[in-house]
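Trainee: I should like a close look at a single part of this structure, the open sheet. Please describe how its strands are arranged, and then place it beside the other features that deserve attention.

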Amino acid sequence: MNAVLSPKATGRTTQEWQRADAQHFLHPFTDFGALAKKGSRIITHAENIYLWDSEGHKILDAMSGLWCVNVGYGQQALIDAATRQLKELPFYNAFFQTATPPAIELAELLAEVTPAQFKHVFFSGSGSEGNDTVVRMVRRYWDILGQPERQVIISRKNAYHGSTMAGASLGGMSYMHAQGGLPIPGIVHIEQPHWFENGKSMSRAEFGKVAAGWLEDKILEVGPDKVAAFIGEPIQGAGGVIVPPETYWPAVQAICDKYGILLVSDEVICGFGRTGNWWGCETMGTKPDLMTFAKGVTSGYVPLGGVMVGERVAKVLIEQGGDFNHGYTYSGHPVACAVAIANIKLIRELKLVEHVRDDVGPYLAEQFKTLEAHPLVGEVQTVGLMGAVQLVKNKALLAPFAPELEVGMVCRGHCFGNGLIMRAVGDRMIIAPPLVITRAQIDEMMALVRRALDLTLADVKAKGWL
Ligand SMILES: *Cc1c(COP(=O)(O)O)cnc(C)c1O
């Protein structure tokens, strides 16, 4: 483990960094004015699952950066792969009937580690761009098949599919739709399979079937001959680590099959071992036609995304499609692809998928289960190395706090204060730690989680909110 950096080691003091940041840097998903007053936390250094800020605080990163640093920070194999490729060929495009060895090799490797129906990949620079490609590709597919009226893509409320025009439209975040005239035409949403929010009056199994039925209702409302595809995250990530009932995805698959519509699995978070299998669709038991990936493909070391294209779609595009008028300058970027290759090889070498499935995943589930005894906790869910803790006002009734109290933010404040990064989605506290985390590190994380919950409980009591 590297030594803690002194604040001076970055060349400027925290205040100097914060001032320059406030003057020039507009952060994503941020109230610019409020942050400029408060000042950013400046992250300067990282190793394994730990971050350090410019004040020298050590922080356990239970969110893997932003769901992406799956192999942990400081992996030499990824650093070497990038360095080697930067020297050899930092960039060449794939537009003009050319290709580079890393892009070809990564395409080959992805075909190996994805389910059998996937033999082809279309590269993008991010998950959002990957989902833009999905929209273009599924509509093109139906065009080629002589069904151009099949344009509508069905998604879900509270889904996250990125922040480009198409990504944000596919997503079901109402606060995103409220800015910029979204969703774009031809994208509609159904309610999410969130038992705690939408299904408490039923058993989970029963609710899963009801929630899948909303897809069929929507297909019939739109007209089965107008629906191109259904897209969903196997487990909603940014929406709050919402694990659907086991009955949900098999029923969704059956409905897609019944109407012949394409199933798109957005695996940007669930892919590359996060759920204890290589892909979330394997954990949930579906056979998607397309899969979006990003984040974990390079463990976030450099940006890369893409779409795995199943044979049903690839065959039509290749054999009957002609030109596909779509692509990005960085589709198949050689440095990003070289890092991805090193990352996938490292996942295999360290047996991280098995580590999550057989060891730390079950251990996290067991540890999280103990949180159910806490007075503030109404529901706990985990799959692999994703977890959620739902904070409630009344445990017996599973009654939530008033949203304006922002109890989740109070809890998040205590996490930060004690050296733990855990995210709050409303009053749902979520984690997705690096896949390299050990049992001992999970114990360390759990102690910090319990402490944050206890401090939150004390605050809530003191304020008379309980
Ligand atoms: C993060 C995310 C995206 C968007 O990826 P970007 O690389 O931020 O564009 C899309 N889908 C899901 C499920 C994500 O979590």
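**The open sheet and its surroundings**

Mentor: In this predicted model, four strands form an open sheet in the order β11-β12-β15-β14, and their pairing is antiparallel. At the edges lie β11 (377-383) and β14 (423-425), each of which pairs on one side only. From one strand to the next, the twist averages 20 degrees. In general, the strands of a sheet pair through backbone hydrogen bonds, in either a parallel or an antiparallel manner. The edge strand β14 is joined to β15 (residues 428-431) by three bridges, and the two run antiparallel. Within this pair, Val-425 stands opposite Arg-428 in β15.

Turning to the ligand, the residues around the molecule include Ser-126, Asn-131, Tyr-160, His-161, Glu-233 and Asp-266. Helix α6 (residues 127-144) contributes three residues, the largest share of this shell. A backbone N or O atom of Gly-127 lies 3.0 Å from an oxygen atom of the ligand. For Ser-128, a polar side-chain atom is placed 2.5 Å from a ligand oxygen atom, and for Lys-295 the corresponding distance from a polar side-chain atom to an oxygen atom of the ligand is 2.6 Å. Taken alone, the ligand exposes 380 Å², of which the protein buries 84%.

Finally, on the surface, Phe-91, Tyr-92 and Tyr-330 make a nonpolar patch of about 310 Å². Of these residues, Tyr-330 belongs to the loop between α13 (311-320) and α14 (334-349).

Note on methods: Residues are numbered from 1 along each chain as its sequence is written. This is a predicted model: local features need pLDDT of at least 70, side-chain atom pairs count only at pLDDT 80 or more; totals for chains, interfaces and linings use all residues. Side-chain values use heavy atoms; hydrogens and water are left out. Patches are made of residues with over 30% relative accessible area and no salt bridge: like charges are joined within 9 Å, nonpolar side chains (Val, Leu, Ile, Met, Phe, Trp, Tyr) within 5 Å. Accessible areas come from the Shrake-Rupley method with a 1.4 Å probe; for residues, only the protein chains shown count as cover. A salt bridge is a side-chain nitrogen of Lys or Arg within 4 Å of a carboxyl oxygen of Asp or Glu. Two strands pair if DSSP finds at least two bridges between them. Axes are lines fitted to C-alpha atoms, for helices over the stretch in contact, and angles run from 0 to 180 degrees between N-to-C directions. A residue is near a molecule or strand if one of its heavy atoms lies within 4 Å of it. A polar contact is a pair of N or O atoms within 3.5 Å; within protein, one must be able to donate a hydrogen and the other to accept it, and residues adjacent in sequence count only if both atoms are side-chain atoms.
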